[in-house]
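Visitor: Please take me through one part of this model at close range. I would like to begin with the nonpolar patch on the surface, and then see what lies beyond it.

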Amino acid sequence: MISHDTRPRLGLPIVLLMAAATGLCAGGNYFNQPLLDSIAEHLNVSPSTAAATVTIAQVSYALGLVLLVPVGDMVDRRKLTVGLMLLAALGQAVSGFAPNFATLAVGIAVAGVFSVAAQVLIPFAASLAEPQRSGQVVGTIMSGLLIGILLARSVAGLLSGLGGWSTVYKVAAVLMVVMAVALWRSLPTDAGPRPKVGYLATLRSLGSLAKTLPRLRTRAAMGGLAFAAVSTVFTTMAFLLAGEFGYNDTQIGLVGLLGVAGASMATVAGRLADRGKAQLATGGALAVLLLCWLPFAVGGTHLVWFLIAFLLADLALQGVHVSNQNIIYALIPEARSRVNSVYMTTYFVGAAVGSAVGSVVWKGYGWSGVCVAGLAFSVATVAVWMVDRRLDDPVRLSGSAHYQKGAQGRRP
């Protein structure tokens, strides 16, 4: 761990480079979503088989969160990030030159597992940044991640029109290699002294962290529930926009670009956290999350209200997410990667639950059911926030001290 006194200044160019890298890594898992019809046609598989690549990417990413992100607390995160990006680039290249579906599935799985380089970079940036700028830096990098995800679908569709469905994977492979080299040349080393703990012990410590740190539990639950709320819409909006408003796939994809505005909320939430106002950022974001369901309900038949609600929901999700990250990274600085692993795994589990619930209620109750489900997840998020407010700093500090004392006792 780099000490405070010797910490190199993390300038804006390096922050923007890290933001672009996280966006490229995370966005790579979404290239396939607008290309499923073309994949099915060119690889001679059914649409449902082609759609399985979406699940493969999600499951692979989840495995990477659990199995690879915690390694950031064991080794030099500069080397780890670059290594993971190069392996992810290999997966993208395999996908781009896949002659059949089995090869494509392997390529997407490899790219998905190693794309968690993004989740190594974020806590690495938090450790490199000056304490008074940590929130701003995390917010900026999260903005890059969000923009990467949002642009991935549109860029994939555009490149598919120019050179076929595999073009985006080939381009991404080259860009990831270039980005990995740039990070290697730009980032400082992170090879400071660390506890000599084995890999399996590091993985087991994830449970200890979740058990010992109450604010990690509350903030992870808030992130998962908030993502579940918004995922009810993300999963069903295509059905609404196509059925009610007659939108085609390209138009639906352009609606998703409204979420780029969420990048601004990520930066605002980070700056508030730097000023000691993370709870204010969380409360404001949750208020927006609660309020957005009224225009969503009206938006079932009025497009303008749907677009307003979609924008508000994305702003709210990013506000909750970034304020969560700024709080959990401060719990145990030397365990940031493992803390991030626990948090992000819960975060994406919440997204999966929200997607499943959204699909079920859409079939049974239509758009009004989706809005009720989203509101219910939002209310649950606020309830957990009230518990988190009662915990706050005194319990956080005692929990951290308790964990650190136990960890020291387990060191060889």
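Guide: Helix H3 gives the nonpolar patch its largest share, 4 residues. This is a predicted model, so read every value below as computed from predicted coordinates. The patch is made of Val 59, Leu 63, Val 66, Leu 67, Tyr 199 and Leu 200. Together these residues have about 500 Å² of accessible area. Two helices each supply at least two of the patch residues: H3, residues 47-67, and H9, residues 199-212.

Tyr 199 is the residue to look at on the H9 side. Is Tyr 199 buried, partly exposed or exposed? Its relative accessibility is 34%, so Tyr 199 counts as partly exposed. The limits for that class are 20% and 50%. Patch membership asks for over 30%, so Tyr 199 qualifies there too.

Now step back along the chain from H3. The loop between helix H2 (36-42) and H3 holds Asn 44. What is unusual about its backbone? Phi of Asn 44 is near 55°, a positive value in a residue other than glycine. Most residues other than glycine have a negative phi. Asn 44 has a relative accessible area of 70%, so this residue is exposed.

H3 also has a loop on its other side. Asp 73 sits there, and its side chain meets that of Arg 338 in a salt bridge, 2.7 Å from N to O. The loop carrying Asp 73 runs between H3 and helix H4 (77-96), while Arg 338 belongs to helix H16, residues 336-410. The two partners are 265 residues apart, and the pair links distant parts of the chain. Both Asp 73 and Arg 338 are buried.

How many salt bridges does the whole structure hold? The search finds 3. H16 takes part again through Asp 388, which forms a salt bridge with Arg 215. The closest N and O atoms of that pair are 2.7 Å apart. Arg 215 lies in helix H10 (residues 214-245) and Asp 388 in H16, so the pair ties together parts that are 173 residues apart in sequence.

Asp 388 also meets Arg 219, side chain to side chain, at 2.9 Å from N to O. Here the separation is 169 residues, again from helix H16 to helix H10. Arg 215, Arg 219 and Asp 388 are thus joined in a network of salt bridges.

Where does this network sit, buried or exposed? Asp 388 has a relative accessible area of 0%, so this residue is buried. Arg 219 is at 0% as well and is buried. Arg 215 has 3% relative accessibility, so Arg 215 also counts as buried. The cut-off for buried is under 20%.

One item remains, the empty space inside. Rolling a probe the size of a water molecule over the atoms shows where such space is left. The structure holds 1 cavity of 30 Å³ or more. About 30 Å³ of space lies in the largest cavity. Which residues line the largest cavity? They are Gly 28, Asn 29, Phe 31, Asn 32, Ala 57, Ile 108 and Tyr 169. By class, that lining has 4 nonpolar residues, 3 polar residues and no charged ones.

Note on methods:
Residues are numbered from 1 along each chain as its sequence is written. This is a predicted model: local features need pLDDT of at least 70, side-chain atom pairs count only at pLDDT 80 or more; totals for chains, interfaces and linings use all residues. Side-chain values use heavy atoms; hydrogens and water are left out. Patches are made of residues with over 30% relative accessible area and no salt bridge: like charges are joined within 9 Å, nonpolar side chains (Val, Leu, Ile, Met, Phe, Trp, Tyr) within 5 Å. Accessible areas come from the Shrake-Rupley method with a 1.4 Å probe; for residues, only the protein chains shown count as cover. A salt bridge is a side-chain nitrogen of Lys or Arg within 4 Å of a carboxyl oxygen of Asp or Glu. Buried means under 20% relative accessible area, exposed over 50%, partly exposed in between (1.4 Å probe, protein chains only). On a 1 Å grid over the protein atoms alone, a cavity is a set of points where a 1.4 Å probe fits but cannot get out, and a pocket is an open set with protein on both sides within 12 Å along at least five of seven lines; lining residues have an atom within 4 Å of a point. Grid points are joined across faces, edges and corners, and a volume is the space filled by probe spheres set on the points. Ala, Val, Leu, Ile, Met, Phe, Trp, Tyr, Cys and Pro count as nonpolar, Asp, Glu, Lys and Arg as charged, and the others, Gly among them, as polar.
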